[in-house]
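Here are my notes on this model, written as numbered points. Keep the structure open beside you as you read.

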Amino acid sequence: MNKRRIYTLNGLPPEVIAVAFAKCSRSPESFDKISKELNADLSRKFHERWVVGYGHSSVAEHAVLSLAIENVSVIATKVIEDNRLASYTEKSTRYQAFDKDRVYRPTGLGQNEELYNETIDYLMDKYEELNVKMRPFIEEKYPKEADESDRFYKVRIDNVLLDNTRYILPAAILTNLGMTVNARQLEHAIVKMMTHPLKELRDIGQELKDAAIKVTPTLIKYTKKNDYIDNSAKSLAKYTEDLTADIIPSVDESVELVESDENPEDKIIAALIFRDSHISYGQAVEIVAKMDISKKSEALAIAMKDIGKFDAPIRELEHAYFTFDILVDYGAFRDIQRHRMCTQTNQLLTTLHGFDVPDEVNEAGYSNFYKECMEKADLAFKEMAKDMPHEASYIVPLAYKKRVLIKWNLREIYHFVKLRSGHGAHPSYKSVAQQIYRIIEKKYPLLAKHLVCDLD
Ligand SMILES: Cc1cc2nc3c(=O)[nH]c(=O)nc-3n(C[C@H](O)[C@H](O)[C@H](O)COP(=O)(O)OP(=O)(O)OC[C@H]3O[C@@H](n4cnc5c(N)ncnc54)[C@H](O)[C@@H]3O)c2cc1C
């Protein structure tokens, strides 16, 4: 019997790794032997024939790139991160301060350029001013603990301070982002960026391509603007405008369950029975139909028993779906958007839904100062949005609310509610996590029993 071997191919160029894996489909040789016989030229020829020529695109998933993306706007990060099959880490607005020099200033704004720059400069000045003004209040509210070092105390105070003042920051602030992605997904992401209405995104798409082709020259090939994406976006925008022009957007609920499965508990329990039996799903459904509440509760308790602090619940929780319409400040939206095991539909950032005022800004007595900033940004946004709605979103402060429609399964809700209500959570998205928990608790108490939520 051949001895089991497990090893990495890391260190080889990503395109060579992709070919070495692809060849195992037809070759009896080991991966290291296959890869030894490959060089960049042979790999390129293979990819040109199979991946590019025959559309065997999944091979490109074995070529992985880690891209350092620096000084891109917050607006751009959300478009980049909308590609779910990738990993990201970005500079935090909660742990780092921003300044006037690190703001995106687009070209080609024409008559809006002066208004744009004036508004951005104003908001950045006010952000810095509020950081100075609020510090004594925060220090008094959170005194230094006896055993706390000066350094740690400063970090703690900075964090609370920035959690409050970040609301004033415009979405044009520049940030850094690390992205790890495979070549297949990256090519698709670049196509979407090349088709985007914002020049910044089209430029980023081109620069991503320039960086990636140095490492995977054959696999990042078809990156032109996509007519289908472009035309459908434009036609749908026109179609929707006609339908909704006279409707005032509702701002009643910040978290609303708009759709869910009829009997999510039954679906999950039927899937559990299906998993460990040889009966059909229909037969499992028949068993569940005869169960009373206590039997259903018992089934779910067995499935969730012994779950540890860092464990993900079993996969069968994915058989129940819930769609939430969430209206939340853009700062918190940025965090919520990072969850990938779901389907998100986003609206353009606007000032139409109003803004949030952090409790501590009120407590510190700066609500008028803060509201003035929001009003000035709102006026500038409305003026600019008349002819440049996409570019106008750069000047919207993170305090303004935005809508997102998210469809996720119960397993992801479990993860979201636990993570986003837990230690270190920002009050804004924590409130969203708590509201989701309460809605599920009210409608599906059997399921809520097993969700972990810090309701503090
Ligand atoms: C207190 C706090 C502070 C944070 N600070 C920062 C920060 O400063 N900067 C920053 O960029 N982010 C920060 N985050 C965001 C965080 O790192 C995650 O990116 C975000 O919460 C999404 O959650 P998730 O990665 O667990 O996965 P989700 O996208 O929600 O997916 C659910 C689960 O699926 C699995 N999964 C999904 N995709 C992959 C994948 N590609 N590879 C492997 N497993 C996957 C994982 O098990 C994951 O937990 C912070 C989060 C918290 C709670």
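1. Start with a pair of residues in a sheet. Asp329 stands opposite Lys401 in strand E7. This model is predicted, so read each point as a statement about a prediction. The two strands involved are E5 and E7, which pair in the antiparallel sense over nine bridges.

2. Now step back to the sheet around that pair. It is an open sheet of four strands, in the order E4-E5-E7-E6, and the pairing is antiparallel. Which strands stand at the edges? They are E4 (255-260) and E6 (342-346). Each has a single partner strand, so one side of each is left without a neighbour in the sheet. From one strand to the next, the twist averages 20°.

3. A word on pairing in general. Strands of a sheet pair through backbone hydrogen bonds, and they do this either parallel or antiparallel.

4. Look next at E6 and its partner. Five bridges join E6 to E7 (residues 401-409), and the two run antiparallel. You can check this residue by residue. Asn346 has Val404 in E7 as its bridge partner. Gln344 stands opposite Ile406, also in E7.

5. Two helices pack on this sheet. Helix H17 touches E5 (321-329), E6 and E7. The direction of H17 makes about 130° with that of E7. Helix H18 (residues 427-443) touches E4 and E5. The direction of H18 makes about 45° with that of E4.

6. There is also an open sheet of three strands. The order is E1-E3-E2, with antiparallel pairing. Its edge strands are E1 (64-73) and E2, and each pairs on one side only. Neighbouring strands here are turned by 20° against each other on average, direction ignored.

7. How many bridges join E2 to E3? There are five, and the strands run antiparallel. E3 covers residues 174-182. For one pair to find on screen, take Ala86, which stands opposite Val181 in E3. Helix H7 (residues 183-194) lies across E1, E2 and E3. H7 runs at about 135° to E3.

8. Turn to the ligand. How many residues surround it? The count is 15, and the closest are Thr89, Ser92, His339, Arg340 and Gly424. Two elements give two or more residues to this shell: strand E2 (86-90) and helix H17 (410-421). E2 gives the most, with four residues. So you meet E2 twice: as an edge strand of the three-stranded sheet, and as the main giver to the shell.

9. What is the shell made of, by class? It has five nonpolar, six polar and four charged residues.

10. Check the backbone at two places. Most residues other than glycine have a negative phi. Asn71 is not a glycine, yet its phi is positive, about 55°. Asn71 lies in strand E1. Is Asn71 buried or exposed? With 12 other C-beta atoms within 10 Å, Asn71 is exposed, because 12 or fewer is the cut-off for that class.

11. The second place is Asp306. Here too phi is positive, about 70°, and the residue is not a glycine. Asp306 lies in the loop between helix H12 (293-304) and E5. Asp306 has 6 C-beta neighbours inside 10 Å, so it counts as exposed.

12. Gln283 makes a useful contrast in class. Gln283 sits in helix H11 (residues 281-289). Gln283 has 13 C-beta neighbours inside 10 Å, so it counts as partly exposed. Now find Ile273. Gln283 and Ile273 are 10 residues apart in sequence, and their C-alpha atoms are 9.4 Å apart in space.

13. Finish with the whole chain. The secondary structure comes to 19 helices and seven strands. Along its principal axes, the C-alpha trace spans about 75 × 65 × 60 Å. How much of the chain is buried? Buried residues make up 35% of the 456 residues. Last, take the contacts with a separation of 6 or more. Residues 24 or more positions apart account for 80% of these.

Terms used:
Residues are numbered from 1 along each chain as its sequence is written. This is a predicted model: local features need pLDDT of at least 70, side-chain atom pairs count only at pLDDT 80 or more; totals for chains, interfaces and linings use all residues. A residue is buried if 20 or more other C-beta atoms lie within 10 Å of its own, exposed if 12 or fewer, and partly exposed in between; C-beta atoms are placed from the backbone. A residue is near a molecule or strand if its C-beta atom, placed from the backbone, lies within 6 Å of it. Ala, Val, Leu, Ile, Met, Phe, Trp, Tyr, Cys and Pro count as nonpolar, Asp, Glu, Lys and Arg as charged, and the others, Gly among them, as polar. Two strands pair if DSSP finds at least two bridges between them. Axes are lines fitted to C-alpha atoms, for helices over the stretch in contact, and angles run from 0 to 180 degrees between N-to-C directions. Two residues are in contact if their C-beta atoms, placed from the backbone, lie within 7 Å.
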